[in-house]
Amino acid sequence: MPVSSRLRRPARKTEETRESGENGEKGENRGNGESEKPNADGRTRPEPGTAPSSPDPAPRTPLPLRLLLRVPFRLPRLPRLLHLPRLLRHLRTRLADLRRAHPTAARAVRRSVHVLAAVLLVGALLLPDTLAGLRPSRFARIPAEAVVGAALLLALPRRPRSVVAALYGAGIGVLTVLNLLDMGFTEYLGRRFDVVLDWELLDDAQAYIEDSMSGTAATAAAVGAVVLALLLVAGPALAAVRLGHLLARHRSRATRGVLVAGTVWITCAALGLQVSGVPVASDRAADALRAQARRAVDTLRDEAAFAKEARADAFGATPPEQLVPDLRGKDVVFAFIESYGRAAVEDPLVAPGVIRTLDTHTEALARAGYHARSGWLTSATFGGSSWLGHSTALSGLWIDNQQRYRTVTGGDRLTLTKAFQKTGAWDTVGVMPGVQKGWPEAKWYGLDKVYDAFDLGYRGPKFSWSTMPDQYALEAFERLEHGRARDRPLMSEVILTSSHQPWAPLPELVGWDELGDGSVFDAVRKDGRKSADVIADTAASRREYGRSIQYSVTSLLQWLERYGTDDTVLVFLGDHQPIARVSGHRASRDVPVSIVAKDPAVLEKIADWNWAEGLRPSEDAPVWRMDAFRDRFLRAYGSVPHPTGG
């Protein structure tokens, strides 16, 4: 029955309706023509056709509330948490009874808790900021911060001592959180955590887990990280308060112990005593705090200095007709291969397959009339943050953090891709299968049109973080832009993502004529390895990384063999090395870069670069910083510098 019909029907005059107070109506049904009669509480309701006895009747109950009141329910009993103080008093009483009943066990528990509190604080003070530093010898030291903290707590009266101890312990907890963040960033990005800039990257980490595993895993990881951070701050604070009270109860013995510990620390520091190559006298926490503060200050100072640097552009005022004149009429493709680093061609486990792929395609391209030169570039980033590598290579500036990226993309710096647009002689497009939201940087890059993850017509499955296989993205590029008849040549920036970590599941090459809308990859995705299995296994990660690079490189070079013309010029390079777990903790930031063309004149222009012939750079090939590539490329192909000041 509709709700409105039930509202218009007069209420039944049952004893239950008149006497019940749980549904909030008390038998009342205003406006239904009933006479005024006394209720149980002495109030009256009007007789038929008469006005209410009250000169100021209560307003009519709103419809939503009337609907709610018609639903029978019982108010829940007050939660027991409201009686928390009483419960705590009861708990303290019970614990006191247990201590009196079992004094030996109570004393053992109390001493164990004291020991655990001391271990927690000393361990946190000695905790290194890298996974490689987690060795037993690191914890066989005397932390100066513990000695100084104990002396300070001994000198304070009870109430200030508790406050200072809580703040001291909480500070150690915060430092522990920062050390763990340093470990994670060093493992994945090859650098420490920046307390000024890197908080927003935690959102990217959650999105990465969601894309690679599942939304549930990402939510669980986020909740777990927050809970862990709170425990890491609260635990040391409670431990410090407990130890502060212990020191006060045994003041004389504690004072002698602090004096002895201080003397031993000073002696070890003066003599340089070490255990397994690690100094016994430690001020690790103070060093970590100084390092964090120094990085924060350097970051804040860098903003203004970099803004000035970005305004100084050697080609900022170059007229359009003097930009890349030696490439007029060429279809130029700048392709970035995700995580294509030096480890791919030098790591003993990874390199054999990748080298075989590069050499095979060098020969295949030569048969098709193409030739290549290859060298090395040192990326501004490591393990991730690919956009920093892209912007460094194309802007001619060293962009190694998010602040610099925001600064440069907010200006009018001439990027290498924008130089082609500025000439008016090229159409410019971007193929960005990894972009899944608004991307205002397209204007800064000088791209007339950008195809993101939703513009390429893909209907197949995702492969972990990658929204689509590289082979499909390249075929869509050919269908939508490169293969179309046009009045002007095309300059393209293509980002290939299939070699993005965690490298599972991986796509497989299929026939180019079978790609369709990408549904052909459903079976490939189903048969692939699970990302969780690869993430936890370092050897498996390295093997699958190598396979992913082989797939991406093969897809790109097969596309060139299949669709390239006499006027095609392909420049492809890596954006950064893979994470340290794959490339090694002491790996360089070098990435391969290659230029491929049929026209011999294109490669003759870079003969003085001394790059290696073929697609595989030699071990002793020149290594440039990635920010040097833009200017070298522009000069090599006839661009004339006209600097702007800054």
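Buried denotes a relative accessible area under 20%, exposed over 50%, and partly exposed the range in between (1.4 Å probe, protein chains only). The model is predicted, so local features need pLDDT of at least 70 and side-chain atom pairs count only at pLDDT 80 or more, while totals for chains, interfaces and linings use all residues. Residues are numbered from 1 along each chain as its sequence is written, and side-chain values use heavy atoms, with hydrogens and water left out.

**Exercise 1. Determine whether K330 and D599 are buried or partly exposed, and state what their salt bridge ties together.**

Step 1. A salt bridge places a side-chain nitrogen of Lys or Arg within 4 Å of a carboxyl oxygen of Asp or Glu. Side chains of opposite charge can pair when their charged atoms come close.

Step 2. K330 has a relative accessibility of 9% and therefore counts as buried. D599, at 25%, is partly exposed.

Step 3. The two side chains form a salt bridge with an N to O distance of 2.8 Å. D599 belongs to the loop between β11 (590–597) and α23 (600–604), and K330 to the loop between α11 (284–311) and β5 (331–337), so the pair links parts 269 residues apart in sequence. Helices (H or I, at least four residues) and strands (E, at least two) are DSSP runs, numbered from the N terminus.

**Exercise 2. Locate D513 and R562, and assign each an exposure class.**

Step 1. The closest N and O atoms of the D513–R562 salt bridge are 2.7 Å apart.

Step 2. D513 is in the loop between β9 (490–496) and α19 (521–527), whereas R562 is in helix α21 (residues 538–563); the pair therefore ties together parts that are 49 residues apart in sequence.

Step 3. D513 is exposed, with a relative accessible area of 69%. R562 is partly exposed at 39%.

**Exercise 3. Classify R630 and D631, then name the residues joined into one network by salt bridges that share partners.**

Step 1. R630 and D631 form a salt bridge, with 2.7 Å between the closest N and O atoms.

Step 2. R630 is buried at 0% relative accessible area, and D631 is buried at 18%.

Step 3. The network consists of D427, E481, R484, R486 and R488. The structure holds 26 salt bridges.

**Exercise 4. Explain why helix α14 is described as largely enclosed.**

Step 1. The buried residues of α14 are S386, L388, G389, H390, S391, T392, A393, L394 and S395.

Step 2. These make up 9 of the 10 residues of the helix (residues 386–395), so the rest of the structure largely encloses α14.

Step 3. After the helix comes G396, with a positive phi near 80°.
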